[in-house]
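Student: I've got a model open on my screen and I'd like to talk through how its pieces fit together. Can we go at it one question at a time?

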Amino acid sequence: MSNEHLLLSQVSIEFPTDNGPFKALDSVNLTIDKGEFVSLIGHSGCGKSTVLNIVAGLYEATTGGVILDGKEVNEPGPERAVVFQNHSLLPWLTAYENVELAVKTVFKGKKSKREMDEWIRHNLELVHMEHAMDKRPSEISGGMKQRVGIARALAMEPKVLLMDEPFGALDALTRAHLQDSIMEIHADLGNTVIMITHDVDEAVLLSDRIVMMTNGPAATIGEVLNVELERPRNRLELADQPEYNHYRSEVLKFLYERQRRPEDSAAKTESAQEGSGSSGGKEEEATAPETEAA
Ligand SMILES: Nc1ncnc2c1ncn2[C@@H]1O[C@H](COP(=O)(O)OP(=O)(O)OP(=O)(O)O)[C@@H](O)[C@H]1O
Ligand SMILES: [Mg+2]
């Protein structure tokens with residue numbers, strides 16, 4: 001690949017647990033070009049968030065590592081902004097102030113007060129939140145909080161935008177609006193994006209590539225699907241296109257034929273109690289047909 005922007009090389013991770021080390025990821029290898037939109041998809045508990053957290057610098061790989069523009073990632077940094085599913089806004093700050101905090105951290109000494117103000121407003125406008133920038137998180141809806149979270153991440157001008165199921169908790173309409181906003185913003189700014197999703201339609205609609213992960217433990221990349229649909233993409237037009245449906249069924253086949261969860265059997269409850277860290281509650285969700293939810 002000509003443009004080695006973001007490289008995950010032989011990434012493996014073991015978590016210490018009461019029953020000894022738990023190998024969550026094994027030899028994850030991925031090269032991502034600048035401006036590429038990559039989705040990570042896989043069954044619950046397979047290790048998607050772990051991959052994202054390693055790229056974010058929040059977890060350290062046990063072996064292998066991540067290189068961004070020639071520099072090894074070993075701690076969190078503003079060039080890799082994260083949007084979490086549960087909109088992690090500070091509740092005592094307004095939407096404006098939440099974005100301001102991030103902007104001050106990144107642009108202190110580089111932008112004047114006025115420039116910062118303009119930049120904060122600009123980013124809130126990008127996600128259509130300018131009308132509610134003086135509201136606190138408790139006064140706005142879930143979708144609006146998520147918009148502010150995205151504005152905050154974008155305002156840091158990250159090289160890489162990392163999103164962990166950013167629209168998972170939202171109703172279908174709000175989710176569709178936000179997906180459209182993300183496509184517009186991505187077309188404008190050309191950020192590199194890694195997004196985790198459970199939603200097959202969302203993955204096909206937004207991605208240049210869909211990275212499909214095998215089930216854990218020792219999860220890795222199973223298959224990678226190149227989505228060669230022209231941009232800008234329109235969800236209504238795509239719905240009737242055979243290519244779109246082909247991509248969609250490729251992902252579904254991977255998830256439900258080639259990577260059927262072993263937990264789909266009665267053994268599920270037992271494995272959920274194994275106590276490999278934080279997975280206990282999540283495993284319960286494993287059989288829910290989340291990929292069909294959109
Ligand atoms: N800090 C940790 N300590 C121990 N085990 C962990 C830790 N973080 C993750 N794990 C385990 O690693 C595996 C992958 O977890 P991860 O959260 O990455 O899955 P996921 O694919 O994001 O799942 P979901 O779709 O439910 O969010 C799980 O078995 C989980 O229990
Ligand atoms: Mg996760």
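Student: How are the axes of H4 and helix H5 arranged, roughly parallel or roughly perpendicular?
Tutor: Keep in mind that this is a predicted model. The axes of H4 and H5 (residues 172-189) come within 10 Å and cross at roughly 15 degrees. Angles under 35 degrees fall in the parallel class, so H4 and H5 count as roughly parallel.

Student: Which residues of H5 make the contact with H4?
Tutor: H4 passes H5 in a right-handed crossing. From the H4 side come Gly143, Gln146, Arg147 and Leu154. The contact residues divide into three nonpolar, three polar and one charged. On the H5 side, the partners are Thr174, Leu178 and Ile185.

Student: And what is the arrangement of H3 against H4, oblique or roughly parallel?
Tutor: Helix H3 (residues 113-126) and H4 (residues 142-155) pack with their axes 8 Å apart, at an angle of about 135 degrees. An angle over 145 degrees would be roughly antiparallel, and one of 65 to 115 roughly perpendicular. The H3 and H4 angle is in neither range, so the answer is oblique.

Student: How many of the residues in the contact of H3 with H4 are charged?
Tutor: H3 brings Trp119, Ile120, Asn123, Leu124 and Leu126, while H4 brings Ala151, Leu154 and Ala155. Sorted by type, they come out as seven nonpolar and one polar. For charged residues, the count is none.

Student: Which element gives the most residues to the largest nonpolar core?
Tutor: That core has 71 residues. Among those with the most contacts inside it are Leu124 and Ala151; Ala151 also touches Val99, Asn123, Leu124, Leu126, Val127 and Met129, leaving aside neighbours within four places in sequence. The top contributor, with seven residues, is H4.

Student: Now over to Val211: is that residue buried or exposed?
Tutor: Val211 sits in strand E9 (residues 209-213). Setting aside residues up to four places away in sequence, Val211 touches Leu30, Val38, Ser39, Leu40, Ile221 and Val224. It has 24 other C-beta atoms within 10 Å, and the cut-off is 20 or more, so Val211 is buried.

Student: How far apart in space are Val211 and Glu223?
Tutor: In sequence, Val211 and Glu223 are 12 residues apart. In space, C-alpha to C-alpha, the separation is 6.3 Å.

Student: Which residue does a cis peptide bond join to Gly216?
Tutor: Most peptide bonds are trans. Here omega is about -5 degrees, and the bond is cis. The partner lies in the loop between E9 and strand E10 (221-226): Pro217.

Student: What is omega for the peptide bond from Arg231 to Pro232?
Tutor: Pro232 is found in the loop between E10 and helix H7 (235-239). The bond from Arg231 to Pro232 is cis, with omega near -5 degrees.

Student: What is phi for His128, in the loop between H3 and H4?
Tutor: Most residues other than glycine have a negative phi. His128 goes the other way, with a positive phi although it is not a glycine. His128 counts as partly exposed because it has 14 C-beta neighbours inside 10 Å. Its phi is about 55 degrees.

Terms used: Residues numbered from 1 in each chain as written. Chains lettered and ligands numbered in written order. Predicted model: local features only at pLDDT ≥ 70, side-chain atom pairs only at ≥ 80, totals over all residues. Axes fitted to C-alpha atoms, helices over the stretch in contact; angles between N-to-C directions. Helix = DSSP H or I, 4+ residues; strand = E, 2+ residues; numbered from the N terminus. Contact = placed C-beta atoms within 7 Å. Nonpolar A, V, L, I, M, F, W, Y, C, P; charged D, E, K, R; others polar. Core = buried A, V, L, I, M, F, W, Y, C linked by C-beta atoms within 7 Å. Buried ≥ 20, exposed ≤ 12 C-beta atoms within 10 Å, placed from the backbone. Left-handed = near helix turned anticlockwise from the far one by under 90°.
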